[in-house]
Amino acid sequence: MPSNKTPPKGARSPIDAMNSTEVVLHRVCRAGEVIDQVTERHFLHAGPPIALPDVPGPMRGALVGGLLLEGEAATAAEAEAIIDRGEVEISPCHDAGGVGPMAGIVTPSTPVVVARAGSVTTFAPVNEGIGGAVRYGSYDQDTVARLRWLGEVLAPVLDEAIGESESLDLMALVAEGLRRGDDCHNRLVATTAALLTHLTPALLRSSHDRDTVSRVAAVIAGNGHFALPFAIAAAKAVTTAAAGVPGSPIVTTMAGNGREFGIRVSGLGDRWFTTASPVGTPVLVDGATMDDVTPTMGDSMVAETAGFGAFAMTAAPAIMSFVGGDMALAHRITGRMREVTAGSSTRLLIPGEDFRGTPLGIDVHRVRSSGIQPVINNGLAHRVPGRGRVGAGITPIPVEPFVEASRALEHEDRE
């Protein structure tokens, strides 16, 4: 089986790129201010490409929420009619340089976290919390109003604070989160606190009125997942830096749209390799059953692609009560992920493993030869539009797309 080709002279290997790319926090603003691909009727979505009629329930619900947010529809029924007439275009967040958790719907008014790594700009939608959220397919009046407030009020306050603060290294923020007991995918309590600490001096000097700033700070402090888009926007930047190395078997994208789960590989450009979206073994909210669960969707598994999330679960004992299992399982998962990765992180270190670096750089050849399934931890949404979050869990990804990509690289080597 072919090995990773030597990168062109002067180029970094994908592992070196993921270990050394510096990512800084740039802005928090509405998507239309920084993303050319979104319009009132052209939205972005999570996962590999999907046709509008094929979107799963929660993504359809998020589209309804997006149309209501943009004022393109006055009621959910009007929004449904727009979708049924095919009057909305959708394309992947990944193709626009971003990542969208869960349904991943991004419209011009969606508030986003913007990161920069050199000339590369990446983004992820601001986290709404784990209750009713458009990203989970909810679109009731309160949910849409909350998202609108995040874009119209919270985003400008944070944008000003970012401009008035010292530069924030987002990969250092993730590294500190792991040191403090987060996995930085489904547990970000400490990371959110560190983020708020960084921004607080500038918030105290804000030109916005005290009550508004106080509410913004309270919303951040009350949402333990608030730092997620900061972490995954950084992950998108470092995996983008690892892309495009001829012959490289390193995975640079993993994402699901609720129908298909897809990967992209450094040496194979923007080509998607897909399989049916898996479900895994979730911890469900009270009253939910497995029949309620939408198969895996979202772009937030860019966390695992960049070496944290489930790949760093031994750093986050408390995550196990949220996604299921115990620390013995966490150690087994992190250990097995070392068998399918090409290296270790030099900056994402696990205190409970004597500060060993997290497994980094999923290698499709190693997945193919070992048969070991890469693992993510992820949230899950209800199949029915508008029902919202239904649970979270640990999800092994089928090996088929990794095997297909490995064979594609092998074929290219023979030509």
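Start by selecting arginine 179 in this predicted model: with a relative accessibility of 42%, arginine 179 is partly exposed. Now add glutamate 176, its salt-bridge partner, and look for the closest N and O atoms, which sit 2.6 Å apart. Both residues belong to helix 5 (residues 170-179), and because they are three residues apart there, about one helical turn separates them. Glutamate 176 is also partly exposed, at 23% relative accessibility.

Next, leave helix 5 and select Arg41, Glu72, Arg85 and Glu87 together: salt bridges link these residues in a network. Let's take the network one pair at a time.

Begin with arginine 41 and glutamate 72, whose salt bridge brings the closest N and O atoms to 2.7 Å. To see what this pair connects, colour the loop between strand 1 (24-30) and strand 2 (42-45), where arginine 41 lies, and the loop between helix 2 (57-69) and helix 3 (76-84), which holds glutamate 72; the pair therefore ties together parts 31 residues apart in sequence. Switch on a surface and you will find arginine 41 partly exposed, at 28% relative accessibility. Glutamate 72 is partly exposed as well, with a relative accessible area of 25%.

Then move to arginine 85 and glutamate 87, whose side chains form a salt bridge with an N to O distance of 2.8 Å. How exposed is arginine 85? Its relative accessible area is 52%, so arginine 85 counts as exposed, the cut-off being over 50%. Glutamate 87, at 33% relative accessibility, is partly exposed.

If you would like to keep exploring, display every salt bridge in the model: the count comes to 16.

Terms used. Residues are numbered from 1 along each chain as its sequence is written. This is a predicted model: local features need pLDDT of at least 70, side-chain atom pairs count only at pLDDT 80 or more; totals for chains, interfaces and linings use all residues. Side-chain values use heavy atoms; hydrogens and water are left out. A salt bridge is a side-chain nitrogen of Lys or Arg within 4 Å of a carboxyl oxygen of Asp or Glu. Helices (H or I, at least four residues) and strands (E, at least two) are DSSP runs, numbered from the N terminus. Buried means under 20% relative accessible area, exposed over 50%, partly exposed in between (1.4 Å probe, protein chains only).
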